[in-house]
Amino acid sequence: MTNSTDYSSNSRASISHHTESARKTLRKSLRTARKSLADSAQIEAANAITTQLNEFFASFFSNHSNECSQQTTINTASYLVNDGEVNLSPFMQQARNTLPNVRFSLPVLHPVCKGHLLFLKFDENTALVKNKYNIEEPVLACPSVIPSSQLDVILMPLVGFDTKGNRLGMGGGYYDRTLAFTKRTTNKPLLIGVAHDVQEVERLPIAPWDIPLNAIITPTRLLQF
């Protein structure tokens with residue numbers, strides 16, 4: 001989600017000034033890199049990611065064949081494109097036909113717990129509104145909420161990544177706060193970062209609240225950790 005500030009003054013105090021400065025510098029340069037991609041490159045990336053994700057979910061169903069019957073629903077959180085991110089709408093549209101077991105949800109800014117996310121069911125008929133960051137999200141309706149702990153897969157946008165599974169977000173900490181529970185349990189969703197190849201760096205400066213990813217998908221690679 002779009003926010004250029006870190007968690008709070010207390011959180012900033014828990015990492016060195018050098019680390020904080022390095023993260024801000026990287027965030028700025030990587031956002032510029034992905035937003036500078038030509039429209040044709042963005043379309044190619046979206047199509048390539050669609051292929052990658054189809055293969056990933058085929059493997060997911062194969063590996064969980066004993067658990068996944070024809071009636072099993074795979075609750076999958078996705079996102080709507082913003083700020084040069086990889087567009088997942090083509091994948092979600094195609095998946096309605098090719099992956100009928102996959103049920104999508106989208107992140108919504110939590111109306112009560114500041115800095116947290118809710119995930120609401122999403123399909124082609126879902127009404128959308130723009131949040132304070134000008135990002136579309138489902139209209140809040142309690143019956144449509146899927147608790148984070150009940151999600152099977154979360155496809156997460158990111159600003160930068162490294163080959164250790166570390167993710168640099170927009171700086172607001174929404175995903176890290178919402179997914180902090182994953183550090184305390186083995187029953188948790190698969191966290192899949194989605195990125196352009198230009199968003200890779202050799203090594204990300206890490207903060208203690210960062211939630212590592214299980215995999216990263218780019219137009220050319222699937223990295224699993």
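How many of the 225 residues of the chain count as buried? I looked this up before anything else, and the figure is 52%. The model I am reading is a predicted one.

**Entry: the whole chain**

I counted the secondary structure next. The chain has five helices and eleven strands. For the surface, I noted an accessible area of about 11,200 Å², with 49% of that area belonging to carbon and sulfur atoms. I also checked how far apart in sequence the contacting residues are. Among contacts with a separation of 6 or more, 71% are between residues 24 or more positions apart.

**Entry: helix 3**

I turned to helix 3, which covers residues 39–63 and so has 25 residues. From the first C-alpha to the last, helix 3 reaches 36 Å, and this is close to the 36 Å expected at 1.5 Å a residue. I then listed what is covered in helix 3. The buried residues include Ala 45, Ala 46, Ile 49, Leu 53, Phe 56, Phe 57, Phe 60 and Phe 61. Polar residues are on the list of buried positions too, among them Gln 42, Thr 50, Gln 52 and Asn 54. I kept one general point beside this list: an α-helix has 3.6 residues a turn, so residues three or four places apart point the same way.

**Entry: salt bridges**

How many salt bridges does the structure hold? I found seven. Side chains of opposite charge can pair when their charged atoms come close. I followed three of the bridges in detail.

The first I took was Glu 20 with Lys 24, whose side chains meet at 3.4 Å, N to O. Both are in helix 2 (residues 17–35), and because they are four residues apart, about one helical turn separates them. The two ends of this bridge are covered to unlike degrees: Glu 20 counts as buried at 12% relative accessibility, while Lys 24 is partly exposed at 41%.

I went on to Asp 83. Its salt bridge with Arg 34 has the closest N and O atoms 2.8 Å apart. Asp 83 lies in the loop between strand 1 (74–77) and helix 4 (89–98), and Arg 34 lies in helix 2, so this pair ties together parts that are 49 residues apart in sequence. Both Asp 83 and Arg 34 are buried.

Asp 83 also meets the side chain of Lys 35 in a salt bridge, at 3.5 Å, N to O. Lys 35 is again a helix 2 residue, so the bridge to the loop holding Asp 83 ties together parts 48 residues apart in sequence. Lys 35 is partly exposed, with a relative accessible area of 46%. For Asp 83 the relative accessible area is 17%, so Asp 83 is buried. I noted that shared partners join Arg 31, Arg 34, Lys 35 and Asp 83 into one network of salt bridges.

**Entry: strands 1, 2 and 3**

In which sense do strand 1 and strand 2 run? They are parallel, and four bridges join them. On the other pairing of strand 2 (residues 102–109), I found five bridges to strand 3, in the antiparallel sense. Leu 106 has Leu 120 in strand 3 as its bridge partner.

I checked how covered these strands are. Seven of the eight residues of strand 2 are buried. In strand 3 (residues 117–121), four of the five residues are buried. In a regular strand the side chains alternate between the two faces of the sheet.

I picked Asn 75 in strand 1 for a closer look. Asn 75 is buried, with a relative accessible area of 17%. Its opposite residue in strand 2 is Arg 103. Leaving out residues up to four places away in sequence, Asn 75 touches Arg 103, Ile 146, Gln 150, Leu 151, Asp 152 and Val 153.

**Entry: Asn 166**

Where does Asn 166 lie? I located it in the loop between strand 7 (160–161) and strand 8 (167–168). Asn 166 counts as buried, at 18% relative accessibility, because the cut-off for buried is under 20%. The side chains of Asn 166 and Asp 162 make a polar contact at 3.1 Å. Setting aside neighbours within four places in sequence, I listed Gly 160, Phe 161, Leu 204, Ile 206 and Ile 216 as the contacts of Asn 166.

How values were computed. Residues numbered from 1 in each chain as written. Predicted model: local features only at pLDDT ≥ 70, side-chain atom pairs only at ≥ 80, totals over all residues. Heavy atoms only, no water. Helix = DSSP H or I, 4+ residues; strand = E, 2+ residues; numbered from the N terminus. Expected span 1.5 Å × (residues − 1). Buried < 20%, exposed > 50% of the residue type's maximum accessible area, 1.4 Å probe, protein only. Salt bridge = Lys/Arg side-chain N within 4 Å of Asp/Glu carboxyl O. Pairing = 2+ DSSP bridges. Polar contact = N/O pair within 3.5 Å; in protein donor to acceptor, adjacent residues only side chain to side chain. Contact = heavy atoms within 4.5 Å. Areas by Shrake-Rupley, 256 points an atom, 1.4 Å probe, with all protein chains shown as cover.
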